[in-house]
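User: I am new to this structure and would like to understand the reasons behind the terms used for it. Could you take me through them with care?

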Amino acid sequence: MLWTAIQSVYLRVQCLRITVVRSKSRMSSPIQPPEGVRGMIDWNPEAFRTKSILPCLSIKSDRLSVLKKSLEKYTARISNFKSIQDSDSDQKKIVILNPILVKTFSDLEDIHNVLQQNLVTEEDYHTREFEFVSDNWKPHEKLKYILPDDEEGVSGFSVIGHIIHLNLKENLLKYKHVIGEILLETKNIKTVVTKMSNIDNTFRNFQLEVLAGERDFKVSVKENGVIFSFDFSKVYWNPRLSTEHERIVKRLHNNCLLFDACSGVGPFSIPAAKKCRVFANDLNPESFAWLKYNTEKNKLRPGSISCYNMDARDFIREVMAPNLIELANISPENGEGRKEIHITMNLPALAVTFLDVFQGLLSENSSLNTPTLPLPIVHVYTFSKAEDIKAEVKERVEENLGTNLDADHLIEIAFVRNVAPNKDMLRASFKVPRHLMFEPSKKRKSIEDDNPAKKPKE
């Protein structure tokens, strides 16, 4: 338990370390823009124009290749700026040095010998004035100089196709358009958006505000060797889940069946359909439409995937359960072997509450209550803010399932990712106890009866 807690804390720290855009390790430019850019709320690239005096070395052109490695750590690294430039002499070049590291020739003491061997002396050291403009700072560098120095800046953002997706905190909202214009300079980016509301629990989408660029939300992304297309403003997509998608798909083999109850546009289902039979479902009509589109575009084997637009509980009752019954009635002598049934439920805000659907799921088929019945393996996702996140998730899963999970049925409670300070996403993987499916239901939670998307579409 202690080691699990340590791992969880370590992963949270790593997530925070890699997502802070203003990390010192990324601050490469040795040149500071004018102080006047601090607090800018209307984008004005001209405000970055400045002049700076930098140290230089004059080196014979035919010696540059020999000295390149020795001078590498001292050379100025500035965006859109050539660190080697022409000099007044046709036979020499000027190497511009980092003014933070080099203020006099003596600061190059550890390479004096190699410089002298290549005919570079203190007389070749001089300074020169250069002009710099906005393009000489990378986007994250500009944000560092514009945003308040005593507050947290822009946290890690997601890149979805040509879109940068931010989740700006309240203290940065007055800078949002400047942030958008600057991030629009990122290579291959055409649109910068920020989330305006929390994820809608029913359809897993949220309102977006365009901070800069085009109002074009249709994107194509590649994940785990599969191309997914969708309208980012109408469906849920999180590139930070790619590793988890891959982790589950790797567990599957050709003798598996996957029932993806909250499939979205198919990040579990479509890669899995290359390995086994898949039944994919999502309540959001937009996700359902893009799921079918991606299924066709990725040219999956005929009959490898079926798509549904249903409530998740209805999907388990009306699609998964009949298939389970059919498998239970197949004689083991037919040569097909035992099927392994997996159910993914990736709707972290609600999915755990769906687990009551397994109570009495097969109560009208008591003849199937035998040890040969394949037990469905559920992978359900949820959030936790508890001190002991795994214990809390296990308790909540058991509460909604209506039974305890012993060592024979609980496979694992796995940390997936840090979502926010003191909020983690986890996965509970377990085998549904056979007795639970045949006992009369203890309770049945309400579903969205007024939602027309409940009606199945295939």
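Analyst: A residue is called buried when its relative accessible area is under 20%, exposed when that area is over 50%, and partly exposed in between, with a 1.4 Å probe and protein chains only. Helices (H or I, at least four residues) and strands (E, at least two) are DSSP runs, numbered from the N terminus. The model is predicted, so local features need pLDDT of at least 70 and side-chain atom pairs count only at pLDDT 80 or more, while totals for chains, interfaces and linings use all residues. Residues are numbered from 1 along each chain as its sequence is written, and side-chain values use heavy atoms, with hydrogens and water left out.

User: What makes H4 largely enclosed by the rest of the structure?

Analyst: Seven of the eight residues of H4 are buried, and therefore the helix counts as largely enclosed. The buried ones are Pro-139, His-140, Glu-141, Lys-142, Leu-143, Tyr-145 and Ile-146, and H5 is included in what covers them.

User: Why is H4 called roughly antiparallel to H5?

Analyst: The axes of H4 (residues 139–146) and H5 (residues 176–183) come within 9 Å and cross at roughly 160°. That makes the two helices roughly antiparallel, because angles under 35 degrees count as roughly parallel, over 145 as roughly antiparallel, 65 to 115 as roughly perpendicular and the rest as oblique. The axes are lines fitted to C-alpha atoms, for helices over the stretch in contact, and the angles run from 0 to 180 degrees between N-to-C directions.

User: Which residues of H4 and H5 meet?

Analyst: On the H4 side, Pro-139, Lys-142, Leu-143 and Ile-146 meet Val-178, Ile-179, Ile-182 and Leu-183 of H5, where contact means heavy atoms within 4.5 Å. The residues of this contact divide into seven nonpolar, no polar and one charged; Ala, Val, Leu, Ile, Met, Phe, Trp, Tyr, Cys and Pro count as nonpolar, Asp, Glu, Lys and Arg as charged, and the others, Gly among them, as polar.

User: How do you know that Cys-256 is not bonded to Cys-276?

Analyst: A disulfide is a pair of cysteine sulfur atoms within 2.5 Å. The sulfur of Cys-256 has its closest cysteine sulfur in Cys-276, at 5.6 Å, and that is too far for a bond. The structure accordingly holds zero disulfides. Cys-256 is buried, with a relative accessible area of 1%, and Cys-276 is also buried, with a relative accessible area of 1%.

User: Why does Ser-58 count as buried?

Analyst: Ser-58 has a relative accessibility of 14%, and therefore it counts as buried. Ser-58 is found in strand E1 (residues 50–60), and, leaving aside residues up to four places away in sequence, Ser-58 touches Lys-92, Lys-93, Ile-94, Val-120, Asp-124 and His-126.

User: What is notable about phi in Asn-188 and in Asn-224, and is each of them exposed or partly exposed?

Analyst: Most residues other than glycine have a negative phi. Phi of Asn-188, however, is near 70°, a positive value in a residue other than glycine, and Asn-224 has a positive phi of about 50° although it is not a glycine. Asn-188, in the loop between H5 and strand E7 (191–195), is called exposed because its relative accessible area is 60%. Asn-224, in the loop between strand E9 (218–223) and strand E10 (226–231), is called partly exposed because its relative accessible area is 33%.
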